[in-house]
Amino acid sequence: RLAEEARLAEEARVAEEKRLEEEERLAEEARLAEEARVAEEKRLEEEKRLAVEARLAEEARVAEEKRLEEEARLAEEARLAVEARLAEEARVTGEKRLAEEALLAEQKRLEEEA
């Protein structure tokens with residue numbers, strides 16, 4: 001009877017040891033799974049952050065490109081305005097010169113008649 005009780009006690013001890021080992025294994029698996037989940041969550045957050053940064057950088061690049069195009073357009077408009085002003089000044093100067101020449105020719109003609 002004692003031998004049977006000792007055998008049963010040993011079987012119970014071995015079964016308890018296996019149960020505890022299985023419990024430890026499952027706890028370790030759960031811990032590793034949680035670590036993997038957290039790491040994946042962090043990876044996805046970083047991916048989102050990088051995507052937002054890339055989108056903002058692209059928006060900034062496009063805005064800068066538009067600003068430079070507008071700056072070039074305004075510079076061209078200013079250049080054309082200066083050219084138009086200079087052409088107008090040259091036209092007015094030419095008209096004045098022609099009027100002065102006509103006046104001098106008229107004075108010369110009147111002097112010759114007199």
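Let's start with one residue in this predicted model: R61 is partly exposed, with 41% of its relative area accessible. Its partner is E58, and the two side chains meet in a salt bridge, with N and O 2.6 Å apart. E58 counts as partly exposed as well, at 38% relative accessibility. How far apart do E58 and R61 sit in helix 1? They are three residues apart in that helix, which runs over residues 2-113, so about one helical turn separates them.

Now step back and look at the whole chain. The protein has one helix and zero strands. Its radius of gyration is 49 Å, while the globule rule gives 13 Å for 114 residues; the first value is well over the second, so the protein is more spread out than a compact globule. You can see the same thing in the box that the C-alpha atoms fill: along the principal axes, that box is roughly 165 × 5 × 5 Å.

What about the inside and the outside? Buried residues make up 1% of the 114 residues, where buried means under 20% relative accessible area. The accessible surface of the protein comes to about 10100 Å². Carbon and sulfur atoms account for 61% of that surface.

Two residues help to give a feeling for distance along the helix. Take L104, which lies in helix 1. Is L104 buried or exposed? With 56% relative accessibility, L104 counts as exposed, because the cut-off for that word is over 50%. Pair L104 with E28, which is 76 residues away along the chain, and you find 112 Å between their C-alpha atoms. The other residue to look at is A75, also found in helix 1. A75 has a relative accessible area of 47%, so this one is partly exposed. From A75 to A102 there are 27 residues along the chain, and their C-alpha atoms are separated by 40 Å.

Next, the charges. The protein carries 24 positive and 39 negative side chains. Where do the two sets lie relative to each other? Their centres are 1 Å apart. As for contacts between charged side chains, the count comes to 32 salt bridges.

The pair we began with is one of them, and here are some others. R79 forms a salt bridge with E76, and their closest N and O atoms are 2.4 Å apart. Along helix 1, R79 and E76 are three residues apart, so they are separated by about one helical turn. R79 is partly exposed, at 37% relative accessible area, and E76 is partly exposed too, at 36%.

Move along to E89 and R85, whose side chains meet in a salt bridge with a distance of 2.8 Å from N to O. What spacing do E89 and R85 have in helix 1? They are four residues apart, which again means a separation of about one helical turn. E89 counts as partly exposed at 40% relative accessibility, and R85 does as well, at 44%. Some salt bridges also share partners, and in this way E4, R7 and E11 are joined into one network.

To put the picture together: this is a predicted model of a protein with one helix and zero strands, in which 1% of the residues are buried and the salt bridges come to 32. When you turn the structure around, try finding E58 and R61 again, whose side chains meet at 2.6 Å, N to O.

Key: Residues are numbered from 1 along each chain as its sequence is written. This is a predicted model: local features need pLDDT of at least 70, side-chain atom pairs count only at pLDDT 80 or more; totals for chains, interfaces and linings use all residues. Side-chain values use heavy atoms; hydrogens and water are left out. Helices (H or I, at least four residues) and strands (E, at least two) are DSSP runs, numbered from the N terminus. The radius of gyration is taken over C-alpha atoms; the globule rule is 2.2 Å times the number of residues to the power 0.38. Buried means under 20% relative accessible area, exposed over 50%, partly exposed in between (1.4 Å probe, protein chains only). Accessible areas come from the Shrake-Rupley method with a 1.4 Å probe; for residues, only the protein chains shown count as cover. Lys and Arg count as positive and Asp and Glu as negative; His and the chain ends are not counted. The place of a charge is taken as NZ of Lys, CZ of Arg, CG of Asp or CD of Glu. A salt bridge is a side-chain nitrogen of Lys or Arg within 4 Å of a carboxyl oxygen of Asp or Glu.
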